[in-house]
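Trainee: I would like a close look at a single part of this model, the surface where protein meets DNA. Please take it one strand after the other.

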2 protein chains.
Amino acid sequence: MCTGPRPRNAAATRTAILDAARERFAADSYDDVGMRDIARDVGVDAALISRYFGSKDELFLAALDSCGDGSQLMQGDKADFGRRVSHEIVYEPKKAEKLKAMSIMLRSVGSARAAEMVQNTCAARFFGPLEEWIGGENAVVRARLLAGFLMGMSVSRELGGGQFSLTPDEAEEMRQRLEVILQNLIEG
Amino acid sequence: MCTGPRPRNAAATRTAILDAARERFAADSYDDVGMRDIARDVGVDAALISRYFGSKDELFLAALDSCGDGSQLMQGDKADFGRRVSHEIVYEPKKAEKLKAMSIMLRSVGSARAAEMVQNTCAARFFGPLEEWIGGENAVVRARLLAGFLMGMSVSRELGGGQFSLTPDEAEEMRQRLEVILQNLIEG
DNA sequence: TGGCTTTGTCAACGCCTGTTGACAAGCGTT
DNA sequence: AACGCTTGTCAACAGGCGTTGACAAAGCCA
């Protein structure tokens, strides 16, 4: 806030736009995110975005690209994966949302144009590394199931009203079940 | 095609609109479905839809309502659930899509307005019956996990390019793993 | 200082959207 | 036949969208 007049710095502005776009596209669907919204976040005219990134499509792709490869998910001990991730999903959804790439993918399901763009990036950027990290027999299948499961939990939470709306006991029960399933998928 | 002039039948036209809307909303996101698209499907002017259903929002809700309660999922033997559903998911995705309600929900994740509308209907129409059918201890949690898992698989397939793009062996491996997970959730 | 490129703003364009009110045609009733 | 209600079409509106080209101002170089 109160940043004063934006200093003339193309590089900084560019990344500021990219950051804002990433955040917006992770929070709303492709169609619901307007160029003017992003521009307002940055404190810039919408026209500038078009000039820097060419088009909304290209901005979207750039934002998706800038998310990294989801390596946050793969940090830490494999033996602890189930416990760690299940805890984040159930008790710290905000933290789990740090996987911006997954959020963006999720928001794009359904929107024909966005889904098409995601498909290309998705395999190389997300499924690939995950599959490699999991390793072992049938890594392809297990990675696919894992990714699907994680996204499904996001969908379920979202449609449940932003919360799982469970009692503490139920939440813990859910976490334990999640832990088992996830860990089984990791260990083969 | 070539249906000639539409006979003057309000009731029939109304349900025709509802059918077309259900199909459209199950195939594309709320934003991507236009009133004129639905109207064209039915062979009617878009204005008529507004007059019959009031607004796009109300049409969407009516379409969602008309999907039933997902009871197709719960038909058949419980002991066979895992095998049956895993088979549909992996080998007959088109058939699995018959769960229009789930498709619509899925397409709506992300679109702020649609998601809000879905949230209210969702719990009563889908999670509720599923939870009741599953029964037993912690039915709430197990139903939630099950629904999340099913939707996640849809997302995963969609983002994988409309296919799982696996070898036959991998597909079967996936089906078997799915079967185990699903059946475990059903049986408690 | 004067010119030139970069960085950003502004107004406007064409397009598409959901919705509205006026109008045409069908059909039953009196 | 003449009325009136229903069913449907048509043209238009206001608002939002992404994008464009002309213009202002800042900084750099000679």
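**The surface near the DNA**

Mentor: A backbone N or O atom of Lys56(A) lies 2.9 Å from a phosphate oxygen of DNA strand D; such a polar contact is a pair of N or O atoms within 3.5 Å, and within protein one must be able to donate a hydrogen and the other to accept it, while residues adjacent in sequence count only if both atoms are side-chain atoms. The model is predicted, so local features need pLDDT of at least 70 and side-chain atom pairs count only at pLDDT 80 or more, whereas totals for chains, interfaces and linings use all residues. Residues are numbered from 1 along each chain as its sequence is written, chains are lettered from A and ligands numbered from 1 in the order in which they are written, and side-chain values use heavy atoms, with hydrogens and water left out.

Chain B also reaches the backbone of strand D: an N or O atom in the side chain of Thr13(B) is 2.9 Å from a phosphate oxygen. A base is approached from chain A, where an N or O atom in the side chain of Arg8(A) is 3.1 Å from a base nitrogen of DNA strand D. In total, 24 residues surround this strand, the closest being Arg36(A), Arg8(B), Asp45(B), Arg51(B) and Tyr52(B); a residue is near a strand if one of its heavy atoms lies within 4 Å of it. Sugar and phosphate make up 49% of the atoms of DNA strand D within 4 Å of the protein. The largest contribution to this surface is from α3(B), with 4 residues; helices are DSSP runs (H or I, at least four residues), and strands are E runs of at least two, numbered from the N terminus.

Around DNA strand C there are 23 residues, of which Arg8(A), Asp45(A), Arg51(A), Tyr52(A) and Arg36(B) come nearest. Of the strand C atoms within 4 Å of the protein, 48% belong to sugar or phosphate and the rest to bases. Arg8(A) appears again here, with a polar side-chain atom 2.2 Å from a base oxygen of DNA strand C. Polar side-chain atoms of Arg51(A) and of Arg36(B) each lie 2.8 Å from a base nitrogen of that strand. The elements giving two or more residues to the surface near DNA strand C are α1 (10-27) and α3 of chain A, together with α2 (35-42) and α3 of chain B. Here α3(A) gives the most, with 4 residues.
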